[in-house]
Amino acid sequence: MHAKLVIIGSGIAGLSAAIRAREEGLNDVVVVTRDLRGGSSWKAQGGIAVPIDSSDVESHVNDTLAAGRHLNDGWVVWGYIGFARESLNWLVKHGFEPCARRSLEGGHSRARVVRARIGGDKIGEAVMSILTKAVEELGVQVVEGRLGGVEVNGDRVMGVVLEDGDVVRADAVILATGGYSGLYLYSTNDGDGSGIEAALRAGALVRDLEFVQFHPTVAMINGDLFLVSEAVRGEGARLVNKDGEYFMSKYDERAELATRDIVSRAVYAELIRTGGVYLDISSIDLEDKFPTINDFLRARGVRPDRDLVPITPAAHYTIGGIAVDALGRSNVKGLFAIGETSSSLFHGANRLASNSLLEALVQSYLVVRAFKAYVNGGVWNTPAIGRYDLVVDAECREADGVDLNMARDLMWRYVGIVRSEEGLRRAIDELEGSLLPSLVARAAIIRRESVGVHYRADSPNWSGTKFHILFRCHSP
Ligand SMILES: Cc1cc2nc3c(=O)[nH]c(=O)nc-3n(C[C@H](O)[C@H](O)[C@H](O)COP(=O)(O)OP(=O)(O)OC[C@H]3O[C@@H](n4cnc5c(N)ncnc54)[C@H](O)[C@@H]3O)c2cc1C
C-alpha cells in the first residue's frame with residue numbers, strides 16, 4: 001500500500017505512532033517537529049499506569065472514572081486500559097527496562113505505576129531515548145519545522161503547510177503537538193496549543209478546554225521552574241508559608257497528601273495571603289531518592305537539607321483538545337490527533353496520575369490501524385456529537401498583535417486555579433483576538449459549576465450534571 005502519513009510532533013505520541021506505522025509496513029512516514037527534544041514527554045518524572053494483572057483492569061478503570069468524575073467515555077477507558085499491557089510489552093521489546101516494584105500514586109487504589117529501572121524519576125528520558133533510537137534505526141524521516149496550518153480540500157485533509165511556507169502533501173495527518181499549559185504564566189512545559197488552533201481552523205471540533213490540571217509544587221528559582229513530584233511530599237516534605245506556618249492541615253485533614261487540586265488551591269491562597277510558599281524537604285535524602293530534583297536545586301545554589309525551597313503551583317496538563325474518537329479520528333477526514341493534544345474522553349474532568357503516557361502509547365497503536373483502514377477505503381465515522389454536548393461557534397480570525405506575555409498573565413490570574421464569573425469576563429474581554437486562550441476562558445465561564453480540575457469560587461459545588469463543551473470555527 002502506498003500512502004503518505006505526516007505526523008506533527010516528536011513526543012511519546014508522535015514517535016510511537018511513527019514507529020508503529022513502520023512496523024505495520026508503511027514506508028512513507030514523515031515526522032515534522034519544531035524541536036526533537038522538546039515537549040513534555042522528555043520531562044515526565046513519574047511513570048506509566050498499567051494494570052498489575054488482568055484482575056486489576058477493573059479497578060484501574062474505576063480509579064480513572066472516579067478521578068474524572070465520570071465525565072470520561074467508559075468505552076474509551078475500558079479500551080485504553082485493556083491495551084495497556086500490550087503497550088508496556090511493546091516498549092520493553094524496544095529496550096525499556098521497567099522497575100520490578102510498582103509505585104503507588106495519588107488516586108490509584110493499587111501500586112500499579114511502572115517506573116524506569118534506572119534513574120527512577122526520569123521515566124520521560126528513559127522512554128524517549130528508546131523511541132528516538134528506534135526512529136533512527138527504522139529510518140523514519142524527521143524534518144525540523146513548525147506547523148503553520150492543516151490543508152483541507154472539501155471535507156478531506158490534503159497535508160500541512162509549515163510556517164516557512166513549505167507545503168507537505170499527505171493522505172492523512174496525525175497531530176501530536178502536546179497540550180496548552182504554556183498559555184499560562186507559570187507552567188511545567190511549553191505546550192502552546194498550536195496544533196489545536198490549526199485543527200480548529202481546518203474545521204475540527206475541540207472539546208473540554210476548561211479542564212486544565214495544575215501541579216501544586218513546582219520549584220521556582222531565579223525564574224527557572226522544575227516540578228517537585230507528589231512523591232516528595234509522600235516522603236515527608238512539608239509546605240510552609242512566608243510567615244513560617246505549616247498550613248496544609250488547615251485546608252484538608254490529609255494535609256500535604258490531599259489531592260492535587262486541593263493542594264494547588266491551598267498553595268495559591270497562601271501565596272496571595274502571605275507572599276510566599278516553600279517546601280521544607282530537609283528531612284529527606286533527596287540525592288538518593290530524587291536525584292533529578294536534587295541536581296536542579298543544587299545547580300541553583302539551594303541546599304535542600306538546609307534551605308527552604310520556594311515553590312509555586314503551575315499549569316501542568318491539559319485535558320481538553322481536538323475532539324477524537326477512541327481511534328484518534330477527528331471530524332475532518334484524514335485528520336487524526338493523539339496524545340495530550342487530543343480529547344479522547346479518557347480522562348474526564350481530571351486526569352489520574354500516570355495515565356497520560358499510557359493514553360499516548362495506546363493511541364499510537366490504534367491510530368495506525370485507523371489510518372490503514374482509512375486509506376484502504378474504510379468509512380470515516382465522524383465522532384458523534386453527544387446528546388449532552390454543547391457546541392459553540394467561535395470566530396477564528398487571525399490574531400493581530402496579541403501580546404503573548406500579557407495573555408499568559410491574564411490566563412494565570414483569571415482562568416487559573418481559582419475562577420469566577422467576574423474574572424473570566426474580564427479575561428474574555430482582554431483576550432479578544434487570542435484564539436485558544438479566549439476559548440479556554442469561554443469554556444470556563446460556560447461551565448458554571450466546579451467539577452474535577454475546574455474550580456469556580458462562585459459555585460464550588462457540582463450538581464452532577466454531565467455535559468461537554470465543544471467549539472468549532474464559525475469561519476475557519
Ligand atoms: C514535568 C512533567 C512530568 C510529567 N510526568 C508524567 C508522568 O510521570 N506520567 C504521565 O503519564 N504523564 C506525565 N506528564 C504528562 C506527560 O508527560 C504528557 O502528557 C505527555 O508526554 C504528552 O506527550 P505528547 O507526545 O502528546 O506531547 P509532547 O511530549 O508535549 O510533544 C509535543 C511535540 O510536538 C512538537 N510541537 C508542538 N507544537 C508544534 C508545532 N506547532 N509544530 C511542530 N511541532 C510542534 C513539540 O516540539 C514536541 O515534539 C508529565 C508532564 C510534565 C510536564
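Which helix gives the most to the shell around the ligand? I shall answer that shortly, after one remark: the structure before you is a predicted model.

The answer is α12, which contributes four residues to that shell. Helix α12 spans residues 355-375, and it is one of several elements that each supply at least two residues to the shell; the others are α1 (12-23), β2 (29-33) and α6 (194-201). Of the 42 residues around the ligand, the ones that come nearest are G11, G39, G46, G178 and G339. By character, the shell comprises 24 polar residues, 13 nonpolar ones and five charged ones.

Let us turn to a sheet. Strands of a sheet pair through backbone hydrogen bonds, in either a parallel or an antiparallel manner. Here, five strands form an open sheet, with mixed pairing, in the order β18-β16-β10-β20-β19. Its edge strands, β18 (342-343) and β19 (389-394), each pair on one side only. Strand β19 runs parallel to β20, residues 468-473, and six bridges join the two. Within this pair, V391 has L470 of β20 as its bridge partner.

Finally, I come to helix α13, residues 404-414. Which of its residues are buried? They are A407, R408, L410, M411 and Y414. Viewed down the axis of α13, these buried residues fall within an arc of 160°, and therefore they line one face of the helix. The general background is that an α-helix has 3.6 residues a turn, so residues three or four places apart point the same way. As for their neighbours, the buried residues of α13 pack against two helices, α14 (421-430) and α15 (435-446).

Definitions and conventions. Residues numbered from 1 in each chain as written. Predicted model: local features only at pLDDT ≥ 70, side-chain atom pairs only at ≥ 80, totals over all residues. Buried ≥ 20, exposed ≤ 12 C-beta atoms within 10 Å, placed from the backbone. Arc of directions from axis to C-beta. Contact = placed C-beta atoms within 7 Å. Pairing = 2+ DSSP bridges. Near = placed C-beta within 6 Å. Nonpolar A, V, L, I, M, F, W, Y, C, P; charged D, E, K, R; others polar.
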